[in-house]
Amino acid sequence: PKITPDEAKVLVSLDEIQRGVESNIDYNRFVELLKTTKAEIVILKKNDHTNPCFMGAIDKCFASYEIARKAWKKKLEAKDEIRKADMDLTLSFSISFAALNIEKANNCYK
């Protein structure tokens, strides 16, 4: 099967988030990108003919970004340096896992 335009749109949005975190976007921009991407995923899920491999990877990727969002917020609110370090580790791991799932989503059509 070939990637659909809606699937391609979601991938572009996820790539934009990934490039953003790699180039140090701020938290508010990250949240904006997540909202946009979430809306695109909702539209995609209404399609009855989505690729299960692709959707599984996209769901895992977005869930990782949601964990990253929560960790980032807690890091910003933390007063304790140890807590900040813990949230930084969670953020880093989640972003890395999201990147792996973007790659997996891309490989669903190879």
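Buried here means a relative accessible area under 20%. Keep that cut-off in mind, because Cys61 has 0% relative accessibility and therefore counts as buried. One caution before the rest: what you see above is a predicted model.

I will stay with the cysteines for a moment. Which cysteine sulfur is closest to the one in Cys61? The closest is in Cys108, at 12 Å, which is too far for a bond. So Cys61 makes no disulfide with Cys108, given that the sulfur atoms would have to be within 2.5 Å.

Cys108 does have a partner. A disulfide joins Cys108 to Cys53, with 1.9 Å from S to S. Cys53 sits in helix H3 and Cys108 in the segment after H4, so the bond ties together parts that are 55 residues apart in sequence. In general, a disulfide is a covalent bond between the sulfur atoms of two cysteines. The total comes to 1 disulfide. Is it left-handed or right-handed? The torsion about the S-S bond of Cys53 and Cys108 is about -75°, so this disulfide is left-handed. As for exposure, Cys108 counts as buried because its relative accessibility is 14%, while Cys53, at 35%, is partly exposed.

Next to Cys53 in the sequence comes Phe54, a residue of the largest nonpolar core. Leaving out residues up to four places away in sequence, Phe54 touches Ile3, Glu7, Leu11, Leu44, Ala105, Cys108 and Tyr109. Cys108, then, is both a contact of Phe54 and one end of the disulfide.

Now the core itself. It has 30 residues, and those touching the most other members are Leu14, Ile17, Phe30, Phe54, Ile58, Tyr65 and Ile95. Helices H1, H2, H3 and H4 each give two or more residues to this core. The largest share, 10 residues, comes from H3.

Helix H1 is the next item. It runs over residues 5-22, so 18 residues, and spans 26 Å from its first C-alpha to its last, close to the 26 Å expected. Its buried residues include Glu7, Leu11, Leu14 and Ile17. What do the buried residues of H1 pack against? They pack against helices H2 (27-45), H3 (52-77) and H4 (81-107). After H1 comes Asn24, with a positive phi, near 65°.

Last, a residue to set beside Leu14. Ala85 lies in helix H4 and is partly exposed, because its relative accessible area is 44%. Ala85 and Leu14 are 71 residues apart in sequence and 25 Å apart in space, C-alpha to C-alpha.

Terms used:
Residues numbered from 1 in each chain as written. Predicted model: local features only at pLDDT ≥ 70, side-chain atom pairs only at ≥ 80, totals over all residues. Heavy atoms only, no water. Helix = DSSP H or I, 4+ residues; strand = E, 2+ residues; numbered from the N terminus. Expected span 1.5 Å × (residues − 1). Buried < 20%, exposed > 50% of the residue type's maximum accessible area, 1.4 Å probe, protein only. Contact = heavy atoms within 4.5 Å. Core = buried A, V, L, I, M, F, W, Y, C linked by side-chain atoms within 4.5 Å.
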